[in-house]
Structure formats: structure tokens, C-alpha cells
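Student: Please take a close look at one part of this structure and then connect it with what lies elsewhere in the chain. A plain account will do.

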Amino acid sequence: STDQLWYCQSARPFKDREDGSGGTLGFFTEDFRFEHIYENCGDYTAALLEEDWSCVVEPDYSTYWDWPLVMRQWGVYRSRWVSRFWQEEGISIVPLIRRTDRRGGDHEWLYSTLPNPCPSLAINCRSNPRNKQERQKFWKVFHGSLELAVSLLSPEVVLIYGGANHKKYITGHLLDGPEYVYLSDYITERRKRAKR
């Protein structure tokens, strides 16, 4: 369900998780906060099952554009491997789209490692460069990546993490078809709840 609360791995323990079940867990944070999951997947999976999430977004191991190809592939491999392990244990998974420039050829191996069709997808856009030229480049790559993923994988729902904070850069650039869910980033939501 798209009306569930969103939680981020970086905020553990979740003191504000009212009934102790439901919600969506994501990993849009620094790698060191979830690096251990790949090495200790069994123990972490047991914790996830006990926490009873509605769904979990695939871990976002970094794949920076200027990194060597093998390092980017290693990040994606760990994400996909962990997600498959969780799926086999009965956890509902939302696969992750990485931003990619078509000219680099990354999209071929990025999207061929996802189910097709793919019922749901998530993408991160919580950062927004201050420099105008960098910002234009960022959003061009974001829109291209999302358009490519939607056209190739035919999702029914796309979660846009940080989208609620950056709607003006996204609206008008989306392909018809899926339901797009604009999520606020966790820090913004936590601040709102703290003010109540």
C-alpha cells in the first residue's frame, strides 16, 4: 500500500514506529549504515521478519558514475543478491532503479537484472545540486533513467523517494502508465513529526 509510513535504515531504532509493524523500509543513506547486511544477511533477515514490514526497498549500495564499472556492478550485485535472499524468506521487495546515462551502457546490465514486467520500482532523488548546470544534468539523467525503466519494465507503481520535496523538477516529465508516489525524505518527515 502506498499510504504506509516510510522509514530509513539510518534512523534505527525506530522509536516513532507506533504499532511495531507495517510501513516501508528503505536504505537511502550512507553505505556504512547498511554495509554489514550483505556479510550478515541471515541475521539481518531474521530481524526484518520480526519487524514485520509491509515491504522493503532493495538496499541502495552506491554506484557512482565516476567509479570503475566493476565497482558499480559490485554494488548492484550485492543489492540484487540481498533482495533475492529476502524475497525467498517471504519479504515483499521493491526493486531499485539507479540513475544512469544511456551513453555509458550501464542500463543494459542494470535493468536486465530486474524482473520484467516489474510490478513496483523505487528511485531516489533526494539530492538537488545547487549549481544550475549540475542541477540540469542531474535532472536530465534522472528523467532519462526513470523513462527508460518505465518503458522497459512496465511497473504499476513507482516510489520516488525525495519526490515530494522536488515535485517541480519532476512533474510534466513522467511517462503515462504507472502510479507515481511522491515520498518525502525520512529526515523531513521525522522533523514534521517532532514538531507535533
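Tutor: In this predicted model, Trp81 has a relative accessibility of 35% and therefore counts as partly exposed, since the partly exposed class lies between the 20% limit for buried and the 50% limit for exposed. Trp81 is part of helix H3, which covers residues 69–88. On the surface, Trp81 joins Trp74 and Tyr77 in a nonpolar patch, and together these residues have about 330 Å² of accessible area.

A contrasting case is His166, which is buried because its relative accessible area is 12%, and the limit for buried is under 20%. His166 sits in the loop that links strand S6 (157–161) to helix H6 (167–170). Apart from neighbours within four places in sequence, the contacts of His166 are Cys125, Arg126, Ser127, Asn128 and Trp139.

Strand S6, which precedes that loop, belongs to an open sheet of 3 strands with parallel pairing, in the order S5-S6-S7. Strands S5 (120–124) and S7 (179–183) are at the edges, each with pairing on one side only. From one strand to the next, the twist averages 20 degrees. S6 and S7 run parallel and are joined by 5 bridges; for Ile160, the bridge partner in S7 is Tyr182. Helix H5, residues 132–153, packs on this sheet and touches S5, S6 and S7. The direction of helix H5 makes about 170 degrees with that of S5.

Terms used:
Residues are numbered from 1 along each chain as its sequence is written. This is a predicted model: local features need pLDDT of at least 70, side-chain atom pairs count only at pLDDT 80 or more; totals for chains, interfaces and linings use all residues. Side-chain values use heavy atoms; hydrogens and water are left out. Helices (H or I, at least four residues) and strands (E, at least two) are DSSP runs, numbered from the N terminus. Buried means under 20% relative accessible area, exposed over 50%, partly exposed in between (1.4 Å probe, protein chains only). Contact means heavy atoms within 4.5 Å. Two strands pair if DSSP finds at least two bridges between them. Axes are lines fitted to C-alpha atoms, for helices over the stretch in contact, and angles run from 0 to 180 degrees between N-to-C directions. Patches are made of residues with over 30% relative accessible area and no salt bridge: like charges are joined within 9 Å, nonpolar side chains (Val, Leu, Ile, Met, Phe, Trp, Tyr) within 5 Å. Accessible areas come from the Shrake-Rupley method with a 1.4 Å probe; for residues, only the protein chains shown count as cover. A salt bridge is a side-chain nitrogen of Lys or Arg within 4 Å of a carboxyl oxygen of Asp or Glu.
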